[in-house]
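Subject: The structure, and notes on its pockets and aromatic rings

Hi,

Here is the structure I promised to pass on to you. Please have it open while you read the notes below.

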Amino acid sequence: MRYHSTRGQAPALDFEEAMLAGLAVDGGLYLPDAWPQLSVDEIAGLAGADYAAAAATILAPFLGGVYSADTLRAMADRAYAGFAHPARAPLLQIGANEWILELHRGPTLAFKDFAMQLIGEMFERTLTRRGRRATVIGATSGDTGSAAMEAFRGLDAVDVFILYPHGRVSEVQRRQMTTPSEANVHALAVEGSFDDCQALVKAMFADAAFREKMSLAAVNSINWARVAAQVVYYFTAAVALGGPARRVSFSVPTGNFGDIYAGWTAKRMGLPIERLVVATNENDILHRTLETGRYAPQTVRRTTAPSMDIQVSSNFERALADAHLDAAGGRDAGAVDGLMAALREEGGFTIGPEPLEALRAVFDSARVDEAAVSAEIRRVRDETGEVIDPHTAIGVAAGRARRGDPQTPMICLGCAHAAKFPDAVEAACGVRPALPPHMADLFERPERVTVVPNALDAVEAEIAARANGRG
């Protein structure tokens with residue numbers, strides 16, 4: 001299996017190389033040269049398998065043999081051992097053929113743990129074998145940062161620097177990033193938005209000298225390994241509800257498009273998915289794009305779902321690559337490169353009729369405003385007794401709005417524990433969710449954070465001064 005950039009101007013890499021690189025040198029995102037296929041019997045065979053076993057089966061075709069079957073299974077076993085539910089990603093029924101896929105049972109209480117815990121294992125093994133050290137940088141709108149720190153903290157071969165928007169994440173999210181005590185993890189609060197943080201990360205990768213000097217690696221959802229690891233829970237959820245004999249639909253709270261692209265990947269691999277619903281908050285660039293064909297970022301709005309407060313949705317580039325085909329039926333990298341150039345130079349682009357129809361054939365979308373988020377948290381609490389976070393509420397509301405055939409199960413991705421957003425949840429339903437025991441003292445732990453300006457030279461200087469055990 002080889003991986004190619006969406007923009008077509010970077011060397012093809014194997015899985016390990018693509019994982020360590022994160023972002024292609026031409027600014028594009030890596031995609032596999034072919035979609036692995038699982039047969040009906042192979043999908044059905046996942047029934048009853050534990051989560052780590054399912055992960056090893058589903059991910060193996062993407063890895064191209066870089067890890068042996070036994071090594072991959074051992075890494076998956078370690079990655080998911082600390083999750084707080086034996087199913088790892090259990091399903092919770094909240095209505096007639098309506099389900100929440102609980103993805104908050106990992107150590108940092110968010111879906112990012114499913115990928116990040118496994119990637120931490122992969123990075124450490126690969127870097128140690130190669131005698132290398134890497135500087136991992138990431139931008140987070142709230143949850144990726146703490147998941148990355150949890151996965152990489154204390155590892156010998158990795159320094160981690162997480163950029164997050166200063167004052168624009170919840171207090172729990174912030175403290176999860178600023179309280180780890182290990183010397184190899186660093187929280188950088190950027191005076192700007194998540195889109196600014198994401199732009200800084202991309203700019204550091206585009207700075208060839210800095211990238212080489214610091215051995216940069218990225219663990220945002222721009223990293224293909226992140227997307228691949230998230231494919232697993234689409235399969236386990238569908239099989240639990242009768243797949244592959246029964247089709248299912250998914251509603252996915254979406255900001256950077258990585259999690260729902262994992263669903264698209266599962267569909268390309270043979271999982272019978274009926275619809276994929278792009279659930280957005282008031283930062284609705286993806287909904288607007290699917291409605292109108294025009295991709296034009298606006299000013300980021302602050303909402304009670306800060307992990308979705310994004311206007312530049314990086315992983316949408318992967319969907320564009322799938323939608324723009326050349327005369328031979330392959331991905332038209334030139335067309336994608338042109339769209340990304342228009343985004344940089346003109347502030348947006350318009351998708352042509354055929355690619356837009358290709359996207360609409362796969363994705364539905366819905367916008368959920370702040371009043372509706374609060375109402376959905378309250379409704380679910382009143383009708384089921386369950387307390388959900390704002391991001392999950394967006395998925396549930398969008399799934400109901402785009403339900404389709406009521407005989408088809410609608411699985412809404414439950415992205416985070418409600419206790420990560422206690423103020424918003426309490427305001428909506430009157431219940432203040434408590435943190436689980438392993439985080440009960442979070443507000444008593446000392447914080448360690450550096451506030452940095454929204455300037456590339458300042459951020460690079462901070463990282464250079466503190467990497468490799470310095471600072």
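The notes below cover two pockets and then the aromatic rings. Please keep in mind that this is a predicted model.

**The largest pocket**

Let me start with the largest pocket, which has a volume of about 500 Å³. It is lined by 23 residues, and those closest to its centre are Arg 7, Gly 27, Ala 199, Lys 202 and Arg 344. If you would like to find the walls by helix, look at α8 (194-206), α13 (316-323) and α14 (333-346), each of which gives at least two residues to the lining. The largest share comes from α8, with seven residues. As for chemistry, the lining of this pocket divides into 12 nonpolar, seven charged and four polar residues.

**The second largest pocket**

The second largest pocket holds about 310 Å³ of space. Its lining has 15 residues, and Ala 21, Arg 132, Arg 211, Glu 212 and Leu 216 are the ones nearest the centre. Here α1 (15-21), α9 (208-214) and the strand β8 (216-218) each supply at least two lining residues. In this pocket the largest share, three residues, is from α1. Sorted by class, the lining has nine nonpolar residues, five charged and one polar.

**Aromatic rings**

Now for the rings. A pair of aromatic rings is described by the distance of the centres and the angle of the planes. The count in this model comes to 19 aromatic pairs. One of them joins Tyr 3 and Trp 224: the ring centres are 6.2 Å apart and the planes stand at 45°. Why does this pair count as tilted? Planes under 30 degrees apart would be stacked and those over 60 edge-to-face, so an angle in the remaining range is called tilted, and the 45° of Tyr 3 and Trp 224 therefore makes the pair tilted.

Where do the two partners sit in the chain? Tyr 3 belongs to strand β1 (residues 3-5) and Trp 224 to helix α10 (residues 224-240), so the pair ties together parts that are 221 residues apart in sequence.

Are these two residues buried or exposed? Tyr 3 has a relative accessible area of 0% and is buried. Trp 224, at 2% relative accessibility, also counts as buried, because the cut-off for buried is under 20%.

Finally, there is an aromatic cluster to look up: Tyr 51, Tyr 80, Phe 83, Phe 114, Tyr 233, Tyr 234 and Phe 250 form one together.

Best wishes

Notes. Residues numbered from 1 in each chain as written. Predicted model: local features only at pLDDT ≥ 70, side-chain atom pairs only at ≥ 80, totals over all residues. Heavy atoms only, no water. 1 Å grid on protein atoms, 1.4 Å probe; cavity = no way out; pocket = protein on both sides within 12 Å on 5 of 7 lines; lining within 4 Å. Points joined across faces, edges and corners; volume = space filled by probe spheres on them. Helix = DSSP H or I, 4+ residues; strand = E, 2+ residues; numbered from the N terminus. Nonpolar A, V, L, I, M, F, W, Y, C, P; charged D, E, K, R; others polar. Phe/Tyr/Trp six-rings, centres within 6.5 Å; stacked < 30°, edge-to-face > 60°. Buried < 20%, exposed > 50% of the residue type's maximum accessible area, 1.4 Å probe, protein only.
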